[in-house]
Amino acid sequence: MDSTNKPQGPSPHYSLYQREVFRRGGEEGQLPSFSVHSEELAESTKQTLNNRSYFYANSNAGLGWTDRANREAFYRWRIVPRMLVDTNSRDLSTKIFGHKIPAPILFAPIGINKLYSPKGELVPAKIAGELGLPYCLSTAASQPIEDVAAANDLGASVKTELNPTGSHPRFFQLYMGHDDDITISLLERAWKSGFDVCMLTVDTWQLGWRPTDINIANYVFYYPGAVGNEIGSSDPVFMKKHGEELEKDSGKWIDSSVWHGKAHTWEKMPWLIKEWKRISGGRPFVIKGIQNVEDALKAYEVGCEGIVVTNHAGRQVDGAVGSLEVLPEIAEAVGDKMTIIFDSGIRTGPDVFKAIALGAHAVQVGRLYVWGMSHEGEAGCRHVIKSLLADLDITMTVGGYQSLTKDVYLNKKALRYTPSGVPPSPSDHPKL
């Protein structure tokens with residue numbers, strides 16, 4: 001690939017990362033230490049993580065049929081390439097909640113990142129800042145809100161060609177307990193730390209039934225030296241009310257304020273939205289966990305600016321629809337009224353392309369960056385996300401699509417649905 005005289009477009013030339021990897025190998029003998037093929041990547045974390053960490057990252061609800069449905073849905077939609085199109089510069093950029101971002105990819109909120117790397121959430125927050133991509137922090141994080149914000153700022157502090165403006169939006173994912181004082185405290189801390197979108201998760205009042213976690217009693221909060229309490233133990237309101245209990249019961253934070261098993265209903269949403277708007281001066285509110293047109297319309301009616309179409313990556317309800325299966329009908333119903341973020345099953349650049357073509361404004365990736373940081377911390381996380389960006393950029397180049405928003409978004413001609421066929425098995429590709 002000739003890197004000279006490449007026209008500067010709206011987006012960085014992410015595709016050059018391929019050349020960078022090839023040159024390091026050819027000129028320095030430096031090869032990647034792990035595969036970015038998603039199936040190999042997931043499997044290889046067995047070698048870098050203990051059992052509890054490995055299974056927490058990779059466990060699914062029940063027999064894993066929903067996780068499989070997520071991937072099979074991507075297989076059924078096929079990209080239709082176009083030829084002799086000027087793709088010498090590509091535009092992968094988009095706007096989300098007032099932020100212009102260089103590519104439509106968000107770091108999904110994933111909890112307990114210290115299971116995968118000693119620095120926990122500080123790792124992906126920093127890498128998201130470096131790349132100018134939105135970072136979403138989970139309420140179940142293993143680092144305080146304020147420290148994660150600082151890591152995100154640090155990542156963006158050195159301007160590069162991948163993030164020349166230093167932009168680095170960040171959002172806060174809320175697991176809402178039933179103590180309103182604690183909820184307000186969390187939201188105030190998030191806003192003060194620069195998290196300017198609230199994303200409420202509504203599909204996980206408690207964890208789904210995950211047999212591979214049951215097999216090893218995999219609930220880290222009950223074990224000595226528990227991680228995952230850091231947002232609670234750094235919250236003044238929670239600690240004033242429950243600090244003594246947390247000292248005696250390491251599960252107090254998670255059991256009472258995160259995965260408490262007591263569902264909220266639509267009736268609670270106006271209060272929560274009003275409080276977030278008051279705290280943030282009117283910034284957007286998003287519901288994460290939508291899989292149904294009626295719920296999407298209800299979210300719009302109660303005042304949400306966005307939704308996340310997701311089944312929690314197949315970790316909550318087994319035998320459910322794949323998220324990509326329901327995306328087109330949800331996009332048709334509310335896509336012109338609110339921002340749609342797609343989540344669940346994204347593994348490759350073509351996956352991002354397909355989700356955008358079917359009506360998502362942006363996508364979230366989670367397991368990919370967790371698998372990367374499980375190998376080499378910051379370097380592993382960076383390698384995986386830069387590989388995903390390069391894959392998307394190259395797909396646009398060789399597929400004949402110049403702009404994601406103009407040429408791909410809601411373009412029914414860019415995809416063809418094929419109901420038959422069986423996706424390749426994990427062994428159906430060359431391996432070292």
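Helix α16 is the top contributor to the lining of the largest cavity, giving 3 residues. That cavity sits in a predicted model, and it holds about 410 Å³ of space. Besides the cavities, we'll take a look at strand β5 and at a couple of cysteines.

**The largest cavity**

- So who lives around this hole? Its lining is made of 30 residues, and the ones nearest its centre are Pro 109, Ile 110, His 312, Ala 313 and Arg 315.
- Which elements supply at least two residues each to this lining? They are α3 (51-58), β11 (362-365) and α16 (367-399).
- If you sort the lining by chemistry, you get 14 nonpolar, 10 polar and 6 charged residues.

**The other cavities**

- A probe the size of a water molecule, rolled over the atoms, shows where empty space is left.
- Counting cavities of 30 Å³ or more gives you 3.
- The second largest cavity comes in at about 50 Å³.
- Its walls are formed by Tyr 56, Ile 112, Leu 115, Leu 207, Asn 218, Tyr 219, Val 220 and Phe 221.
- Here the split is 7 nonpolar residues, 1 polar and no charged.

**Strand β5 and its partner**

- Strand β5 covers residues 135-138, and its side chains take two directions: Tyr 135 and Leu 137 point one way, while Cys 136 and Ser 138 point the other way.
- Are these four strand residues buried or exposed? All of them are buried.
- β5 pairs with strand β6 (residues 170-174) in the parallel sense, over 4 bridges.
- Within that pairing, Cys 136 of β5 stands opposite Phe 171 in β6.
- Add helix α6 (residues 145-156) to β5 and β6, and you have a right-handed β-α-β unit.

**The cysteines**

- A disulfide is a covalent bond between the sulfur atoms of two cysteines.
- How many disulfides does a search of the whole structure find? The tally is 0.
- Cys 136 is in no disulfide, and the nearest cysteine sulfur, belonging to Cys 198, is 11 Å away.
- Cys 198 is in no disulfide either, with the sulfur of Cys 304 as the nearest one, 9.5 Å away.
- Why does Cys 136 count as buried? Because its relative accessibility is 1%, and the cut-off for buried is under 20%.
- Cys 198 is buried as well, since its relative accessible area is 0%.

How values were computed
Residues numbered from 1 in each chain as written. Predicted model: local features only at pLDDT ≥ 70, side-chain atom pairs only at ≥ 80, totals over all residues. Heavy atoms only, no water. 1 Å grid on protein atoms, 1.4 Å probe; cavity = no way out; pocket = protein on both sides within 12 Å on 5 of 7 lines; lining within 4 Å. Points joined across faces, edges and corners; volume = space filled by probe spheres on them. Nonpolar A, V, L, I, M, F, W, Y, C, P; charged D, E, K, R; others polar. Buried < 20%, exposed > 50% of the residue type's maximum accessible area, 1.4 Å probe, protein only. Pairing = 2+ DSSP bridges. Right-handed = clockwise from strand over helix to strand, strands pointing away. Disulfide = S-S within 2.5 Å.
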